[in-house]
Amino acid sequence: MKTQLLFIFLIVSTAAKAQYGTLDPTFGIGGKVITDIGGADDKGASIAIQSDGKLVIAGFGYNGSNNDVAVTRYQTDGSLDSTFGTNGKVTTAIGSYHDYGLSVAIQPDSKIVVGGYSHNGLNNDFALLRYMSNGNLDSTFGTNGIVTTAIGSYGDNANSIALQADGKIIAAGFSDTSTGDFFALARYNSNGSIDTTFGDAGRVITHIGLSDDQINSIKLQSDGKIIAGGYSYNGNDWDFALVRYNTNGSPDTSFGTNGIVTTDIGSDDNMLYSIALQSDGKIVGAGWAGLQFAGARYNTDGSLDNSFGSAGIVIAIIGVNDEADAVAIQTDGSIIFAGISHNGTNYDFGLIRLQTDGSADSTFGTGGKVVTDFGNDNDYCLSVAIQSDNKIVAVGFSGPNNGRDFALARYTAGPVGILEINATDAMLVYPNPVSDNFSIQFKNNLVNGQIKILNILGETVFENTITHQSEITIVVKNIPHGIYIVKVFDGEKTYCKKLIVEHY
């Protein structure tokens, strides 16, 4: 049975059409911040947000002879936090050669952990540093706050770190062996010592393809299992690669094939640079394929999620040469891909917001896409995070070669915050965006169900009881532009879907 319900509001005011993804004018100068660390070449690589909203950025800066690990902390308005290090900045030389900070995380006690790698004079080692909340190195960690670890015999790079609930730290990247580069992980106790209960004496190396395998991002599931995402060479080109590990470092055989999943998106190279976990456990990966943003979503068993994009894969074009380097999930399930986009002359920050089904969110930027130019030189975005107020912070570097600086931008995100629960499987809302009327189609007939539509303030603006119905149509031609939440209760579960009203 199909029923039509009249949805007319007695509202005399008109609302402007909301558009999000604009630079936040309350942050820095016009939404952007540039920080020179030491007068030479500086690159921001990773962001973490403290519980008080302060922003911590890790990267590296050139000291005139080699690179040092560099960490900065910012107030919520984008100004440097003078209580951290020297005027908000800390640089650390691990040895006499190049040192790189590539990933940062905040412990519950507010200590800051930075992961990366350090050259020992012959090759690279995993490197971890832990700082007190004031920027001083934590003397209780490793040797004067620093730990370096050789995984193999030829050189090792740590690209990503994660903090376990028990205080242990996992670092992941790749190890260069006599036959190529392969996935590599190490786990540390809270004092920086290697955790010998993990893998082989605290270390794990995983061969996926023929060679040149690399972890770029790791995340921890709620059950403690470890998801590592990166890429692998199949003999012809690179593919997206995921591995799931048990808590002891062994491969989880319930995931993919013996714990491993590879995805060939096209006939060219596909490189995965970042992963994020949804609240339902699904895995979203972001990267690059054929000069375009590329993403994939996986079910918890490692299979591609066919409800996302085209058979689990999304390709997005922003400029003439694009690369997604980071991904983050907003509280309503919207997905942010951030990276770089070439405008024909140089690179800019590029972002796209996707709805939960992988389609571009038309309320964000232009057709779901935002490009930010810091100046006349190249701008590279490498990391993205979502604040508690849902604003989006993108981090990287900007400037001419050998003269680059840390770069940050903050964007408005809109009234997000309600997660679409089981909506993909149980109910379909179409068309969306809607101009005059929309339909709700249910996978199964609802019995004694109730429908509500809420505005962005959470106020109920429409409700009705529905019984034994598979589809209903609601007229919205008399309501203003805006974002609403459709909620359906079937007595046991609640299904939610974001509805965008646009009158053409």
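1. Start with Gln 164 in this predicted model. Leaving aside residues up to four places away in sequence, Gln 164 touches Ile 170, Arg 187 and Leu 220. With Arg 187 there is also a side-chain to side-chain polar contact, at 3.1 Å. Gln 164 belongs to the loop between strand E11 (156–163) and strand E12 (169–177). Is this loop residue buried or exposed? Its relative accessible area is 14%, so Gln 164 counts as buried.

2. Now the overall picture. The protein has one helix and 36 strands. Of its 504 residues, 56% are buried. If you take contacts between residues at least 6 apart in sequence, 51% of them join residues at least 24 apart. The exposed area is about 19,900 Å², and carbon and sulfur atoms supply 48% of that.

3. The largest nonpolar core has 20 residues, and the members touching the most others are Met 427, Phe 438, Ile 440, Ile 451, Ile 474, Val 486 and Leu 499. Which strands build this core? At least two residues come from each of E30 (427–430), E31 (437–446), E32 (449–454), E33 (460–466), E34 (469–475), E35 (482–489) and E36 (494–501). A second core, separate from that one, has 19 residues, including Ile 336, Phe 349, Val 384 and Ala 409. As general background, nonpolar side chains in soluble globular proteins tend to be buried together.

4. Leu 499 is worth a click. Again not counting residues up to four places away in sequence, Leu 499 touches Val 429, Pro 431, Asn 432, Val 434, Phe 438, Gly 482, Ile 483, Tyr 484 and Val 486. Phe 438 and Val 486 in that list are also among the core members that touch the most others.

5. Asn 432, one of the residues touched by Leu 499, leads into a backbone feature: the peptide bond from Asn 432 to Pro 433 is cis, with omega near 10°. Pro 433 sits in the loop between E30 and E31, and both of those strands feed the largest core.

6. Two residues other than glycine deserve a look for their positive phi. Ser 110 has phi near 75° and lies in the loop between strand E7 (99–106) and strand E8 (112–119). Asn 390 also has phi near 75°, in the loop between E27 and strand E28 (392–398). Where do they sit relative to the surface? Ser 110 is partly exposed, with a relative accessible area of 30%, whereas Asn 390 is buried at 9%. For context, most residues other than glycine have a negative phi, and most peptide bonds are trans.

7. On to the rings. The whole structure holds seven aromatic pairs. One of them, Tyr 347 with Tyr 380, is tilted, with 5.5 Å between centres and 35° between planes. Why call it a tie between separate parts of the chain? Tyr 347 is in strand E25 (residues 347–354) and Tyr 380 in strand E27 (residues 379–386), so the pair links parts 33 residues apart in sequence. Tyr 347 is buried, with a relative accessible area of 18%, against a cut-off of under 20%. Elsewhere, ring pairs join Phe 60, Tyr 100 and Tyr 117 into a cluster.

8. Finally, two lysines to check against rings. Lys 32 lies over the face of Phe 374, 5.5 Å from the ring centre. Lys 43 has its charged end over the ring of Phe 397, at 5.3 Å from the centre.

Key: Residues are numbered from 1 along each chain as its sequence is written. This is a predicted model: local features need pLDDT of at least 70, side-chain atom pairs count only at pLDDT 80 or more; totals for chains, interfaces and linings use all residues. Side-chain values use heavy atoms; hydrogens and water are left out. A nonpolar core is a set of buried Ala, Val, Leu, Ile, Met, Phe, Trp, Tyr and Cys residues joined through side-chain atoms within 4.5 Å. Buried means under 20% relative accessible area, exposed over 50%, partly exposed in between (1.4 Å probe, protein chains only). Helices (H or I, at least four residues) and strands (E, at least two) are DSSP runs, numbered from the N terminus. Contact means heavy atoms within 4.5 Å. Accessible areas come from the Shrake-Rupley method with a 1.4 Å probe; for residues, only the protein chains shown count as cover. Rings of Phe, Tyr and Trp (its six-membered ring) pair if their centres lie within 6.5 Å; planes under 30 degrees apart count as stacked, over 60 as edge-to-face and the rest as tilted. A charge sits over a ring if NZ of Lys or CZ of Arg is within 6 Å of the ring centre and within 35 degrees of the ring normal. A polar contact is a pair of N or O atoms within 3.5 Å; within protein, one must be able to donate a hydrogen and the other to accept it, and residues adjacent in sequence count only if both atoms are side-chain atoms.
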